[in-house]
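Dear colleague,

Please find below the structure that I am handing over to you. I would be grateful if you could keep it open while reading the notes that come after it.

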Amino acid sequence: LLDALCDQAAVAIERISLMQDIDKARVVSETEQLRTALLTSISHDFRTPLASIIGSVSSLRSLWQKFPDATREELLRTAQEEAERLNRFIGNILDMTRLEAGALAPVAQPTDIAEVADTALNQAKPILAQHRIRTDIPEDLPLLTLDATLTGQILVNLLDNAAKYAPPGSEITLDIKRQAQSIDVVVRDEGPGIPAGDLKRIFDRFFRVSGVDRRRAGTGLGLAICRGFAEAMGGSITAGNRTDRSGAIFTLSLPLSLQVQS
Ligand code: ADP
């Protein structure tokens with residue numbers, strides 16, 4: 001009997017180590033995948049803005065005297081915008097790497113979510129200049145234990161996407177709703193929305209809806225970072241489409257278990 005048990009145990013151990021090997025292989029291949037995706041993305045997304053910066057700056061240098069003020073201004077603006085785009089991209093990659101490495105430690109403090117939303121709206125003002133903004137933020141919301149910086153970054157990202165994908169002149173709303181179990185921050189737009197089949201993948205790293213206007217600069221990392229930040233704080237984030245009209249809805253849900261006990 002003992003021999004039989006030993007044999008069974010040996011088989012079980014072998015299976016477990018086999019499973020661990022498969023697991024290890026899976027992790028390695030996920031890392032590999034990320035690395036490949038990162039390299040492809042870097043080669044595409046870094047090159048375009050860099051080419052544009054180099055082009056603007058070198059024509060400014062060689063033709064400075066000949067250019068009228070307006071042209072100089074235009075070339076400088078292009079160089080600045082493209083440099084900022086590169087900077088955002090690098091920031092996204094750093095945030096993503098931090099998340100992947102588990103090196104993100106949220107600084108959780110009693111936070112007024114209405115204040116965070118206000119700050120995010122202010123910060124996103126230049127991006128939202130071509131849209132109408134409507135907000136519905138109730139008073140007397142309870143304080144939640146959150147990292148205000150990460151929460152703000154999620155909201156700016158959602159507002160940035162809304163402005164990026166919804167046409168100028170359309171309305172973007174940011175509402176805060178008190179639910180039975182959570183406080184939800186809801187960002188809605190009047191853009192094309194997200195194809196139903198892509199809703200599940202929208203938070204995957206580097207995923208961009210196919211056919212999306214490629215002039216809309218993006219890395220496909222923003223929403224993956226939003227989800228990573230939300231989950232690191234004990235919240236969640238979901239995407240959907242409006243039923244009343246065309247447009248996307250993103251909901252950042254912060255459970256009331258995060259409520260500061262007074
Ligand atoms: P990025 O905007 O840099 O491509 P994100 O991770 O923020 O990356 O978004 C992933 C994809 O989800 C986008 O490429 C776009 O196809 C889609 N998407 C995100 N927000 C919206 C929105 N408000 N309306 C329509 N599509 C959106």
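The notes below go from the overall fold to the strands, the long helix, the ligand and a few single residues.

**Overall fold**

Please bear in mind that this is a predicted model. The protein chain contains 5 helices and 7 strands. Followed along the sequence, these elements come in the order α-α-β-α-β-β-α-β-β-α-β-β. The chain has 262 residues, of which 39% count as buried.

**Strand β7 and its partners**

Strand β7 covers residues 248-255, and 7 of its 8 residues are buried. This strand pairs with β5 and also with β6. Strand β5, residues 182-188, runs antiparallel to β7, and 7 bridges hold the pairing. Within that pairing, V185 has L252 of β7 as its bridge partner.

On the β6 side, strand β6 (residues 236-241) is likewise antiparallel to β7, with 6 bridges between them. Two positions help to fix the register: S236 is bridged to S253 of β7, and I237 stands opposite L252. L252 is therefore a useful residue to select on screen, since V185 is its bridge partner in one pairing and I237 faces it in the other. β6 and β7 form a hairpin with 6 residues between them. In the turn of this hairpin, G247 has a positive phi of about 150 degrees.

One residue of β5 deserves a separate word. S182 belongs to that strand, and its side chain makes a polar contact of 2.9 Å with the side chain of D184. Is S182 buried or exposed? S182 counts as buried because its relative accessibility is 10%, under the 20% cut-off.

**Helix α2**

Helix α2 is made up of 32 residues, 69-100. From its first C-alpha to its last it reaches 46 Å, close to the 46 Å expected at 1.5 Å a residue. Its buried residues are R72, L75, A79, E82, L86, F89, N92, I93, D95, M96 and L99. As background to that list, an α-helix has 3.6 residues a turn, so residues three or four places apart point the same way.

E84 is also part of α2. With a relative accessible area of 40%, E84 is partly exposed, because that value falls between the 20% and 50% limits. The C-alpha atom of E84 is 34 Å from that of L143, a residue 59 places away along the chain. Just after the helix, G102 takes a positive phi of about 65 degrees.

**The ligand and its surroundings**

Which residues are closest to the ligand? They are Y165, D189, R208, T219 and L223, out of 20 residues that surround it. By class, this shell consists of 11 nonpolar, 6 polar and 3 charged residues.

Helix α4 (148-165), helix α5 (222-232) and strand β7 each contribute at least two residues to the shell. The most come from α4, which gives 4 residues.

Three distances to oxygen atoms of the ligand may be of interest:

- R208 has a polar side-chain atom 2.5 Å from an oxygen atom of the ligand.
- V209 places a backbone N or O atom 3.1 Å from an oxygen atom of the ligand.
- G222 has a backbone N or O atom 3.3 Å from an oxygen atom of the ligand.

The ligand on its own has 530 Å² of accessible area, and the protein covers 97% of it.

**Two residues with positive phi**

Most residues other than glycine have a negative phi, and most peptide bonds are trans. Two exceptions with regard to phi are worth locating.

D140 is not a glycine, yet its phi is positive at about 60 degrees. D140 sits in the loop between β2 (132-136) and β3 (144-146). Its relative accessibility is 70%, so D140 counts as exposed, the cut-off being over 50%.

F206 is not a glycine either, and its phi is positive at about 70 degrees. F206 lies in the loop between β5 and α5. Is F206 buried or exposed? At 19% relative accessibility, F206 counts as buried, because the value is under 20%.

With kind regards

Technical notes:
Residues numbered from 1 in each chain as written. Predicted model: local features only at pLDDT ≥ 70, side-chain atom pairs only at ≥ 80, totals over all residues. Heavy atoms only, no water. Buried < 20%, exposed > 50% of the residue type's maximum accessible area, 1.4 Å probe, protein only. Pairing = 2+ DSSP bridges. Expected span 1.5 Å × (residues − 1). Near = heavy atom within 4 Å. Polar contact = N/O pair within 3.5 Å; in protein donor to acceptor, adjacent residues only side chain to side chain. Areas by Shrake-Rupley, 256 points an atom, 1.4 Å probe, with all protein chains shown as cover. Nonpolar A, V, L, I, M, F, W, Y, C, P; charged D, E, K, R; others polar.
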